[in-house]
Amino acid sequence: MLFLNQETDFADIYKSCVLCPRACRVDRTVTREGKAKGFCGETDRVRVAHVGPHFGEEPPITGIRGSGTVFFSGCSLKCKFCQNHQISLGGVGETLDFHRLVEKIRQMIINYGVHNLNFVSPDHFIPHTTGVASHLKKEHPGLPILYNFSGYQSVRVLKNLEKYADIYLPDFKYSDTALARRLSRCTDYPEKAIDAISEMVRQKGFLDGPVSENAPATQGVLVRHLILPGAVENSINALTTLFMEFGADLPISLMSQYHPVMHHEDPELNRTITDQEFLEVHDHATQLGFKHMFVQFPENYQDCSRDRAVFLPDFKNRQPFG
Ligand code: SF4
């Protein structure tokens, strides 16, 4: 279906959008009363909140010179707790002409020598990412292209990405369908995410090793899971599911950085996770026997006396990560 021999003509793809499992089938080349018509809230004009090296990814992704991130505005999932809420829910970002986007990314690669090109939450602009990848692969053939995904992807779209992507960094957020519905309005998240991750693993295998900042990854899949406050069972079942589906060799990243970014009706979401919650989930992952686990321990980030947690970006600043 999708892509892309003419690298700047994306109109057909956006005219009946099925770029994510929400499959809105709306025409994103036109607006309704000035607003985009699909769930993601974005038209066919790519909007970007930040292009720059990022040092907060896992060591084999960050390396020593950083991961070359491109943060797109808008999101097809729109989780209520999103740690990047300014761009996923709040509209922060600027519209860029395709060639200006390529140029910005090119400058980042040249100026910083980043280890990869990291598209963050790119679902709703995937045609633009493949266009960018086509351009830049010719100039930087050894630069891995990384898709940093929510886990809520369509297998059909992923099949079209196979020749562009080198690394997939998907989340597996929910095993609990009720939680998925409440926080991200997608009851089908667990099944869609397992199907999507299976396709990613089929294409690229597990993240290659040795995995350290001295030998940045070049290919493969690393799955992330963010522990949510008051949702230990969701995390435990998510890890069990991943283990049952993919085995002990699947590289996983256990994240504890959750920080409330707005007031929630659910009081649990108005706090960070407790040490006890973290330990329960971490112990479970250890007992399952995952062999390649990156762990963000709570003491690395939890300073609630600050206005913003250490890992929480501010996309209204030129340097969102400080
Ligand atoms: S990318 Fe946006 S418009 Fe397209 S299917 Fe997903 S939510 Fe709907």
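**View 1. The largest nonpolar core of the predicted model.** The largest nonpolar core, a set of buried Ala, Val, Leu, Ile, Met, Phe, Trp, Tyr and Cys residues joined through C-beta atoms within 7 Å, has 74 residues, and those with the most contacts inside it are Y147, Y168, L169 and V223. Buried residues have 20 or more other C-beta atoms within 10 Å of their own, with C-beta atoms placed from the backbone. Helix α8 (residues 189-204) supplies the largest share of this core, five residues; helices are DSSP runs of H or I with at least four residues, and strands are E runs of at least two, numbered from the N terminus. This is a predicted model, in which local features need pLDDT of at least 70 and side-chain atom pairs count only at pLDDT 80 or more, while totals for chains, interfaces and linings use all residues. Residues are numbered from 1 along each chain as its sequence is written.

**View 2. The contacts of V223.** Leaving aside residues up to four places away in sequence, V223 touches P170, F172, I197, L242, L250 and I252, where contact requires C-beta atoms, placed from the backbone, within 7 Å.

**View 3. The open sheet β8-β9-β10.** Three strands form this open sheet with parallel pairing, two strands being paired if DSSP finds at least two bridges between them. Because β8 (223-226) and β10 (293-295) stand at the edges with a single partner strand each, one side of each is left without a neighbour in the sheet. Strands β8 and β9 (residues 252-255) pair in the parallel sense over four bridges, and H225 stands opposite L254 in β9.

Methods: A residue is buried if 20 or more other C-beta atoms lie within 10 Å of its own, exposed if 12 or fewer, and partly exposed in between; C-beta atoms are placed from the backbone. Two residues are in contact if their C-beta atoms, placed from the backbone, lie within 7 Å.
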